[in-house]
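Let's take a stroll through this one together, from a single residue pair out to whole chains. Keep the viewer open as you read.

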Amino acid sequence: MTKTIDLGLNLLDHQLLDAEGRRCGKVDDIALEGGPGEDLEVVAILCGPGVWRARAGWIGRIAAWLGGGGRVRIPWEEVDGVGSHVKLRKRAEELGLGRGDDRLRPYIEKIPGADH
Amino acid sequence: MKIFKVALGILAAIGGFVDIGDLVFNVAAGATFGYQLLWVVVIGVVGIIVYSEMCGRVAAVSGKAVFDAVRERVGFKAGLAALLSAQVVNLMTLTAEIGGLAICLQLLSGLPYRLLILIAGVGLLIVVWFVAFEWVERIFGYGGLCMLVFAVAAVKLHPAWGAVGHGFVPHLETQSPVLYAYFAVGLLGAAMTPYEVYFYSSGGVEERWGPKDLGLNKVNAMIGYGLGGFLSFALMIVGGALFLGQGIEPEFLGTIALGAEVPLGQIGLLLGLVGILFAVSGAAIDTLFSGAYNLAQFLGWEWGRYRHPRGAPKFTVTWVVLLVLALGVVMTGVDPVQLTEYAVIFSAVALPLTYIPIFLVANDRTYMREYTNGRIANVLGIVYLVVIMVIAVSAVPLMILTNVGQN
Amino acid sequence: MRTFSSIVGRVVETESGRRLGRCHDMRAVLGQGIPRVEELIVGRGGLLEHFGIGTPKAHSPNAVPWEAVLRIEGDRVVVRDGTELV
């Protein structure tokens with residue numbers, strides 16, 4: 001029995017977890033290949049502030065600008081499973097995710113008490 | 001041992017239940033209408049119990065906190081609207097709490113207000129950064145228990161208990177219906193302030209509640225908020241016994257503290273102020289984290305109150321920035337008690353965007369498996385959604401019509 | 001490359017102009033490799049499903065098979081005449 005998923009209900013806006021279970025963003029949009037008259041396939045997950053531009057009108061554009069406009073494309077092959085979270089096969093850094101946290105961490109670590 | 005843990009959790013919840021919004025509105029309602037609005041407090045307490053239990057169940061069964069589920073369920077656009085309104089209301093509430101804290105410190109120390117704002121802000125920052133959150137909860141929860149002095153005060157003031165009893169029976173006031181409605185809306189808004197459920201559900205996820213904790217969740221919600229509601233009754237009774245008809249409007253926290261001093265003397269005043277201090281600080285911390293949770297959960301960042309700051313850098317920066325922002329606003333000299341009233345009223349407007357998604361998720365089998373809402377939760381849930389929508393629509397008009405409760 | 005969000009939200013109508021509803025979601029088959037879109041979830045019933053009210057059935061009564069789609073243009077999705085909500 002083949003499993004079906006509703007892309008909007010079960011994939012879009014769901015939490016991404018990397019191979020170590022680290023939270024690294026949400027599914028902001030889904031990349032499809034194909035069109036009318038041929039197969040339409042899910043090829044990648046799109047993630048990042050730049051992706052919001054298309055999703056919420058002018059507020060989305062402002063939010064995208066505030067967030068720095070970055071976009072990350074995660075090919076479907078990197079997806080391990082879709083359940084209540086979307087599990088990825090690799091670690092966040094390897095996929096270009098979690099960069100904000102990684103960039104800030106060195107500064108925070110310098111402050112005493114950041115490790116307690 | 002588990003019973004002990006439950007008891008601790010409940011104690012902390014009681015101490016943490018009353019925040020500056022509850023304080024201001026319950027005492028002011030007592031001062032204006034005596035005991036007549038007690039029944040509204042009951043409605044508010046039942047409402048927060050019903051929805052906390054729902055949020056806690058969502059956290060336990062799905063492993064998701066409110067804003068995770070909100071974005072998944074209603075989408076990016078509507079979720080963003082919910083996020084923005086939650087952040088605005090949150091910031092107002094946080095600012096009011098910090099201002100209230102500074103006033104408390106001023107009443108206790110006599111130092112200048114502006115300096116105390118800084119001390120309050122820096123103090124909160126240091127405590128939250130360096131102290132493990134389990135201890136933060138305990139310190140502020142138990143400290144807040146000093147608020148029980150108001151319950152003692154309520155009894156010692158010998159209120160007309162018949163009138164108090166009558167206040168629990170729902171009735172509508174005919175002499176100043178608009179002002180009465182304003183206070184009803186304010187009391188409900190204060191009892192069901194959004195940050196409470198956001199904070200509670202995030203805690204449930206972090207503590208990795210599972211289906212086995214559903215009983216604990218129910219007990220926490222009912223007894224914790226129930227006993228907290230009991231504190232609200234005490235505040236309204238004190239307000240009614242002392243201030244009704246005296247032409248005193250408790251616009252100052254000092255006046256509220258009088259409620260403990262008049263029947264109990266200096267020790268009452270001290271306990272009352274200490275209780276307010278811890279309750280308001282605890283609420284400030286909860287509100288602060290709530291704001292950071294909402295953003296982090298909406299965007300899929302790493303988050304957590306029990307994590308080291310280095311484990312969740314963006315989340316950490318978020319709460320520090322929120323704290324600094326709130327401090328900045330308090331520094332402009334805005335009156336915290338006035339701001340509290342605005343914060344509560346605007347919270348009331350934001351209630352539907354908070355609670356409707358929770359209700360939807362709690363009924364969704366893909367999240368909740370066999371633990372979706374039972375009949376009681378659904379009936380009460382819908383009843384409260386109706387109540388919330390009525391409040392949300394009438395809050396701002398009532399605020400304008402009554403000139404923010406002055407009338 | 002198209003995005004999910006660029007298709008969802010469009011009005012779905014037949015070539016002769018009969019409006020079937022708005023596209024609210026897509027159902028895809030998870031096979032061995034890449035998921036393939038099987039149908040578009042359309043119409044008012046589809047909106048309720050999107051909000052999670054009611055359990056989605058294997059073949060929802062508000063779906064349009066992808067094979068029926070002729071073209072995507074402007075702000076519409078145009079499907080073959082005779083396509084009914086299944």
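Find I5(A) first: across from I5(A), in strand 3 of chain C, stands A28(C). Do bear in mind that this is a predicted model. Zoom out a little and you'll see the strands around that pair: strand 1 of chain A, residues 3-6, is joined to strand 3 of chain C by 4 bridges, and the two run antiparallel.

Now widen the view to the rest of that interface. On the chain C side, 28 residues are in contact with 24 residues of chain A. Several elements of chain C each put in at least two residues: strand 1 (2-3), helix 1, strand 3 (19-30), strand 4 (36-42) and strand 6 (69-73). Strand 3 of chain C gives the largest share of that side, with 7 residues. As for chemistry, the side of chain C that touches chain A splits into 16 nonpolar, 6 polar and 6 charged residues.

Chain A also meets chain B. Here the contact draws 25 residues from chain A and 23 residues from chain B. If you look at what chain B brings, helix 4 (66-109), helix 5 (113-130) and helix 13 (313-331) are the elements that give two or more residues. Helix 4 of chain B has the largest share, 7 residues. The side of chain B that touches chain A comes out as 10 nonpolar, 6 polar and 7 charged residues.

While you're in chain B, have a look at how two of its helices pack. Helix 2 (residues 20-33) and helix 12 (residues 253-299) of chain B meet at an angle of about 145 degrees, and their axes are 10 Å apart. Helix 2 of chain B makes the contact with I20(B), L23(B) and V27(B), while helix 12 of chain B uses I256(B), G259(B), I276(B), V280(B) and A283(B). That contact has 7 nonpolar residues, 1 polar and no charged.

So how far can you trust all this? For the model as a whole, the scores are ipTM 0.93 and pTM 0.90. Chain C has an average pLDDT of 81, with 78% of its residues at 70 or above. Within chain C, helix 1 (residues 4-7) has the highest confidence, at 93, and helix 2 (residues 43-50) the lowest, at a mean of 58. Over residues 55-59 of chain C, pLDDT stays under 50, and the model has 4 contacts for them beyond four places in sequence. Where pLDDT is low, don't read the predicted coordinates in detail.

Technical notes: Residues are numbered from 1 along each chain as its sequence is written. Chains are lettered from A and ligands numbered from 1 in the order in which they are written. This is a predicted model: local features need pLDDT of at least 70, side-chain atom pairs count only at pLDDT 80 or more; totals for chains, interfaces and linings use all residues. Axes are lines fitted to C-alpha atoms, for helices over the stretch in contact, and angles run from 0 to 180 degrees between N-to-C directions. Two residues are in contact if their C-beta atoms, placed from the backbone, lie within 7 Å. Ala, Val, Leu, Ile, Met, Phe, Trp, Tyr, Cys and Pro count as nonpolar, Asp, Glu, Lys and Arg as charged, and the others, Gly among them, as polar. pLDDT is the predictor's confidence in each residue, from 0 to 100. Two strands pair if DSSP finds at least two bridges between them.
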